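Welcome! Here are some short exercises, each with a worked solution, for getting to know a structure step by step. Try each task yourself before reading on.

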Amino acid sequence: FGQDESGRSAEGGGSYVRVAIEQGVDVTADGLTYAVPEGMSVGVGQRVRVPLGRGNARAAGVVLACTSEAGDLDPAKIKPILEVDVSAPALPGDLIELARWIARYYVCPLGMVFGSITPSAVSKGVGSTTRVEVRLAGEVSGKLPRVQRALVEAAGADGGWVERRVLAERAGAKTLGPVAKLVEAGVFEVRRVDAIVADPVAVAEAASTERLVLTDEQRLALERLIAMGEGGFGVGLLHGVTGSGKTEVYLRLIEHLRGQDPGAGVIVLVPEIALTPQTVGRFQARFSDVAVLHSGLTQAQRNAQWHRVRSGEATVVVGARSAVFAPLARLGLVIVDEEHDGSYKQDQLPRYHARDVAVRRAHMAGALVVLGSATPSLESLHNARVRPSYERLRLTERPAGMRMPRCEVVDLIEERRSRRGIHLISQRLETELRLLIEGAGGVRGQAILLLNRRGYASHIACPDHGCGWVKTCDHCDATLVFHRQDALPRGGVARCHHCGAEQLVPETCPDCGKRVTLFGWGTQRVEDELEQKIPGVRMIRMDSDTMRAHGDYVAALERFGRGEADLLLGTQLVAKGLDFPNVRLVGVVSADTGLHLPDFRAAERTFQLIAQVSGRAGRGAEPGRVIVQTLNPDDPTLGMAMASDYEGFAERELELRGKLGLPPVARMARLVVRHRDLAQCVRLATELTQALEATQQRLGLDVRIRGPMVPPIARLADHHRQQIEVLGSADGSAEGLQRVMTALRNQGRLISNTTLAVDVDPVA
Ligand code: ADP
Ligand code: ZN
Ligand code: ZN
């Protein structure tokens with residue numbers, strides 16, 4: 001149904017609403033129809049409770065539209081709304097529109113998208129004490145319905161202000177509708193005692209607000225972005241090497257925009273892990289009305305921040321993935337920093353990509369988007385080449401005085417040949433670390449070491465290759481990782497990185513009785529080795545085992561920033577966004593960990609990781625240096641990453657993807673079928689594949705269907721898995737893909753649930 005027949009609000013008696021149910025029910029895009037009972041008024045975007053299914057269970061949902069038409073339904077059979085949730089603010093119309101796009105494009109239930117758009121802290125009203133109170137104000141004229149009469153009597157008995165719900169309860173009213181009627185009739189007056197409990201987010205210690213003089217490249221990029229913004233929607237891909245001052249460009253752009261249009265809303269998305277007080281502080285130091293949204297907030301803080309945005313008190317929102325849904329009244333600009341970062345893709349329902357949603361939202365609002373990165377995703381680079389609305393802007397140098405670090409490679413095979421024993425830290429890296437930490441050049445420096453694998457050893461296995469026994473998970477087809485824990489027998493535990501299950505480590509091989517051996521490297525083992533090699537070294541290990549909460553991460557970085565540690569050792573957590581001027585050395589302990597993963601993006605990820613971590617070096621007056629250890633010194637990806645040759649890498653990789661018909665040249669959706677029973681799993685996957693093929697042929701679409709095939713992890717948490725890939729046409733259009741998926745969904749065959757995961761534009 002179109003806009004013309006759907007109003008923005010409805011009154012009880014003969015009117016209907018269409019409701020999207022919040023819990024995973026894949027209703028049609030238009031929602032389910034409910035009647036508005038007598039005495040109730042309800043508007044688009046409001047949260048309501050409705051009866052659902054045969055058992056009439058109560059479900060929460062969002063009103064999509066109000067209408068006087070019952071459509072094809074028999075009005076007598078339409079169930080009524082039970083209650084309007086007045087504590088949750090109504091969603092603005094543009095977010096409803098955006099949600100519909102997400103539900104369609106990512107093939108997920110619309111109600112579930114609403115669940116993501118409004119944080120649960122907000123819908124539950126955590127920390128808020130908003131009270132709506134009423135009192136008698138005017139005369140009653142004429143005869144009132146029974147419930148309203150009871151309300152008036154109850155209010156009269158009370159005399160003063162009384163909370164609306166309390167009054168309704170006293171009068172035996174089931175809903176708040178009759179209270180609203182009396183307010184409208186002027187019998188009651190109403191006031192909101194609005195108290196989202198003040199639980200402010202601490203303002204970071206003022207970052208330097210000194211005004212830098214922009215470099216020529218920064219100035220040109222800024223001017224171009226300003227010009228683009230004047231034309232409405234557009235996407236600027238700000239491709240600037242690490243440390244080139246992209247953030248300064250964002251800040252100036254926001255300043256300019258707000259100079260022109262003070263009320264314009266701005267969203268700044270950063271990867272969750274980069275939401276440190278330093279990052280936030282840079283924005284807070286420039287703008288007085290910044291709201292922050294990230295996982296480190298308490299529920300009450302999150303609610304309070306959200307309301308600051310909703311009420312217009314804050315118009316600059318800095319946040320992680322879900323901040324793309326910030327309820328700004330009027331969007332003027334969206335910035336997606338580190339746009340290549342995988343954390344922008346949500347890995348559970350709804351599986352949206354915040355960067356792509358940001359572009360969509362900006363398109364709907366006619367706003368400018370800036371995607372910033374030193375290593376743009378190939379998706380964005382490709383878009384910049386083929387789409388007229390995109391434009392790439394380059395920052396090729398760091399500001400004056402700061403040079404790009406020098407990179408050298410250490411061949412680990414050579415190292416093993418020339419040295420006894422197994423060393424994770426090569427002679428070369430060890431020497432450089434010592435010189436730096438001892439302050440040989442006059443100043444003590446700091447170092448960052450990357451090994452993108454946590455735990456102690458990646459394999460627990462029989463030393464006899466002929467035997468070949470390896471400890472695997474009981475629940476997954478995956479090997480277990482040894483995590484050191486001194487208190488345990490044999491000094492550690494075998495842990496599955498996929499399902500989290502833990503097992504004791506056997507002393508001997510169950511097949512042949514030899515003593516089991518630990519193979520492979522993890523951050524714990526590197527930590528051990530460094531303690532032995534450089535006694536007294538002050539080290540912070542940063543991986544998801546040591547950094548359980550956002551606060552741990554922030555505290556660790558503060559310690560490092562104060563110089564209380566010489567070395568920051570960790571997984572990809574240490575590669576992102578850090579800006580410490582005293583870091584003069586970056587070591588990549590093994591550049592090979594991600595290189596040969598069974599994933600078509602393995603090379604792209606490795607390139608990004610090496611280039612990003614290298615970029616942490618040399619951000620102060622002293623030049624930086626990078627040492628990359630590898631078993632594959634001739635690998636072209638590593639070579640190009642070390643030479644910061646993004647163009648060369650991207651050219652080669654895009655050509656390859658084009659030849660193979662893979663993203664970003666062609667679009668992809670991945671469907672994973674899961675079942676405890678292998679035969680059932682295969683049967684379901686085969687049927688789904690056949691249905692996809694039949695649909696594709698019937699509609700005559702240029703879409704390739706591959707599978708069913710066994711994914712890299714064939715069994716996960718006791719579920720067998722089969723996957724199907726649907727690939728779009730070579731012109732990069734998403735249309736064919738979307739039409740096949742929509743057709744299947746309309747047949748009820750493509751719903752994400754416990755046996756099927758649909759992932760459109762998968763990143764992992
Ligand atoms: P990026 O986000 O591109 O990695 P940043 O914005 O973090 O880079 O900038 C790196 C460093 O350079 C920061 O310490 C910043 O204050 C500084 N900087 C940025 N622009 C300039 C400039 N025009 N002149 C001097 N220093 C600058
Ligand atoms: Zn497991
Ligand atoms: Zn054995």
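**Exercise 1. Decide whether leucine 530 is buried or exposed, and find its surroundings.**

*Solution.* Start by counting neighbours: leucine 530 has 22 C-beta neighbours inside 10 Å. The cut-off for a buried residue is 20 or more, so leucine 530 counts as buried. Keep in mind throughout that this is a predicted model.

Next, place the residue: leucine 530 sits in helix H15, which runs over residues 523–533. Then look for its contacts. Leaving out residues up to four places away in sequence, leucine 530 touches Ile425, Val537 and Met539. Finally, compare sequence with space: leucine 433 is 97 residues away from leucine 530 along the chain, yet their C-alpha atoms are 9.9 Å apart.

The wider region can be added from a record. An unreviewed UniProt entry annotates residues 500–657 as "domain: Helicase C-terminal". In the model, the end C-alpha atoms of residues 500–657 are 34 Å apart, and the span is 35% helix and 16% strand.

**Exercise 2. Describe which residues surround ligand 1.**

*Solution.* First, the count: the shell around ligand 1 holds 15 residues. The closest are Leu212, Gly245, Lys246, Thr247 and Pro399. Second, sort the shell by character, which gives four nonpolar, eight polar and three charged residues. Third, ask which element gives the largest share: helix H8 (residues 246–260) does, with three residues.

**Exercise 3. Locate the cysteines that UniProt lists for "binding site" and compare the surroundings of two of them.**

*Solution.* The unreviewed UniProt entry names Cys462, Cys467, Cys509 and Cys512. They are spread over 51 residues of sequence but cluster in space, with a largest C-alpha distance of 9.1 Å.

Now take cysteine 462. This residue is in the loop between strand S21 (459–461) and strand S22 (481–484). With 21 other C-beta atoms within 10 Å, cysteine 462 is buried. Its contacts, not counting residues up to four places away, include Cys467, Cys509 and Cys512.

Turn to cysteine 467, which is also found in the loop between S21 and S22. Cysteine 467 has 14 C-beta neighbours inside 10 Å and therefore counts as partly exposed. Beyond four places in sequence, cysteine 467 is in contact with Cys462, Cys509, Asp511 and Cys512.

**Exercise 4. Check the span of helix H10 and find what covers its buried residues.**

*Solution.* Helix H10 covers residues 299–310, which is 12 residues. At 1.5 Å a residue, taken over one less than the number of residues, the expected span is 16 Å. The end C-alpha atoms of H10 are 16 Å apart, so the two agree.

Next comes burial: nine of the 12 residues of H10 are buried. Among them are Gln301, Trp306, His307 and Val309. The cover over these buried residues includes helix H3 (120–123), strand S14 (290–293) and strand S15 (316–319). Just past the helix end, glycine 312 has a positive phi of about 90 degrees.

**Exercise 5. Find the largest nonpolar core and the residues with the most contacts inside it.**

*Solution.* The largest nonpolar core has 136 residues, and Val17, Val19, Val268 and Val317 have the most contacts inside it. Helix H1 (residues 93–105) gives the most to this core, with seven residues. Apart from this core lies another, of 71 residues, which includes Phe482, Leu557, Val586 and Val626.

**Exercise 6. Pick out the backbone exceptions at asparagine 56, aspartate 761, proline 350 and proline 708.**

*Solution.* Begin with the general rule: most residues other than glycine have a negative phi, and most peptide bonds are trans.

For phi, asparagine 56 has a positive value near 55 degrees. Asparagine 56 lies in the loop between strands S6 (47–52) and S7 (57–67), and is exposed, with 11 other C-beta atoms within 10 Å. Aspartate 761 also has a positive phi, of about 55 degrees. Aspartate 761 follows strand S34 (756–760) and counts as buried, with 20 C-beta neighbours inside 10 Å.

For peptide bonds, leucine 349 and proline 350 are joined in cis, with omega about -10 degrees. Proline 350 lies in the loop between strand S16 (331–337) and helix H11 (354–365). Glycine 707 and proline 708 also share a cis bond, with omega about 0 degrees; proline 708 lies in strand S31 (residues 704–709).

Key:
Residues numbered from 1 in each chain as written. Chains lettered and ligands numbered in written order. Predicted model: local features only at pLDDT ≥ 70, side-chain atom pairs only at ≥ 80, totals over all residues. Near = placed C-beta within 6 Å. Helix = DSSP H or I, 4+ residues; strand = E, 2+ residues; numbered from the N terminus. Nonpolar A, V, L, I, M, F, W, Y, C, P; charged D, E, K, R; others polar. UniProt positions renumbered as here; feature names shortened; annotations may be inferred. Contact = placed C-beta atoms within 7 Å. Core = buried A, V, L, I, M, F, W, Y, C linked by C-beta atoms within 7 Å.
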